[in-house]
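Me: I'm new to this one, so please take a close look at a single part for me: the surface. Walk me through it in one go.

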Amino acid sequence: MSTTQPLVLAAELAAAWSDIQAYHRDLPDLASPEALIGESSSACGTQLGFERLLHEAAHGLAAAREIRDTSRAGRYHNRRFLLLASELGLAHPVEPHASSGFSQVTMLAETQERYAATIERLELALGAHQQAVAGTPDGGVLRAFRGPAARHGSSGGGVRVKAVCGCGRNVRVVPSVLAQASIVCGACQQPFKIT
């Protein structure tokens, strides 16, 4: 993998964040663009992209305004998050998800138009990064970055997700742990897989 690809992607993430700040002056600076390129978040479940950046910007506004926008170690996104997401041009489901609340937000058409040039630049950088990691041991999958649990003082374990074996038993596990080596069920001898 080219060592310049993460740097290019980090620079584009920082530039995209600055573009969002132009419309939302109280949005704090992005501390570490590199931190956005990492492990998956079950709370939000989407890959890294501009829509995901807007989602994180809603959390940034919450932090700047001292608003508690999540609970359950950052997994459940409440109605305060929903209001901030709407302010950033994100639509939301009518009813909250039982475990993640209003985390599954999507970009409105007018938001896509406003940030069209930014989205295009970021998608090019993400595509180049994805090509650079193709052929890596993880199959070249561009993983999403770690979600709100990282910001809310989790023990460092990350967000746990449900993994199921062949006989239907399940465990909660951090995706990065399961990626290191299979966890095998003692009853059916099948590996647990994230559902």
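**A look at the surface**

Reply: Let's start with Gln-189, which counts as exposed because its relative accessibility is 52% (exposed is over 50%, buried under 20%, partly exposed in between, with a 1.4 Å probe and protein chains only; the areas come from the Shrake-Rupley method, with only the protein chains shown as cover). Keep in mind that this is a predicted model, where local features need pLDDT of at least 70, side-chain atom pairs count only at pLDDT 80 or more, and totals for chains, interfaces and linings use all residues. Residues are numbered from 1 along each chain as its sequence is written, and side-chain values use heavy atoms, leaving out hydrogens and water.

You'll find Gln-189 in the loop between α6 (175-180) and β7 (193-194) (helices, H or I, have at least four residues and strands, E, at least two, as DSSP runs numbered from the N terminus). Gln-189 isn't a glycine, yet its phi is positive, near 65 degrees.

Arg-72 has a positive phi as well, about 55 degrees, and isn't a glycine either. This arginine sits in the loop between β1 (70-71) and β2 (76-77), and with 44% relative accessibility Arg-72 is partly exposed.

Arg-72 also has company: together with Arg-75, Lys-162 and Arg-172, it makes up a surface patch of positive charge (residues with over 30% relative accessible area and no salt bridge, like charges joined within 9 Å; a salt bridge puts a Lys or Arg side-chain nitrogen within 4 Å of an Asp or Glu carboxyl oxygen; Lys and Arg count as positive, Asp and Glu as negative, with His and chain ends not counted; charges are placed at NZ of Lys, CZ of Arg, CG of Asp or CD of Glu). Within that patch, Arg-172 belongs to strand β6 (residues 170-173), and Arg-172 is exposed, at a relative accessible area of 58%.

Note on methods:
Patch = residues over 30% accessible without salt bridge, like charges linked within 9 Å, V, L, I, M, F, W, Y side chains within 5 Å. Areas by Shrake-Rupley, 256 points an atom, 1.4 Å probe, with all protein chains shown as cover.
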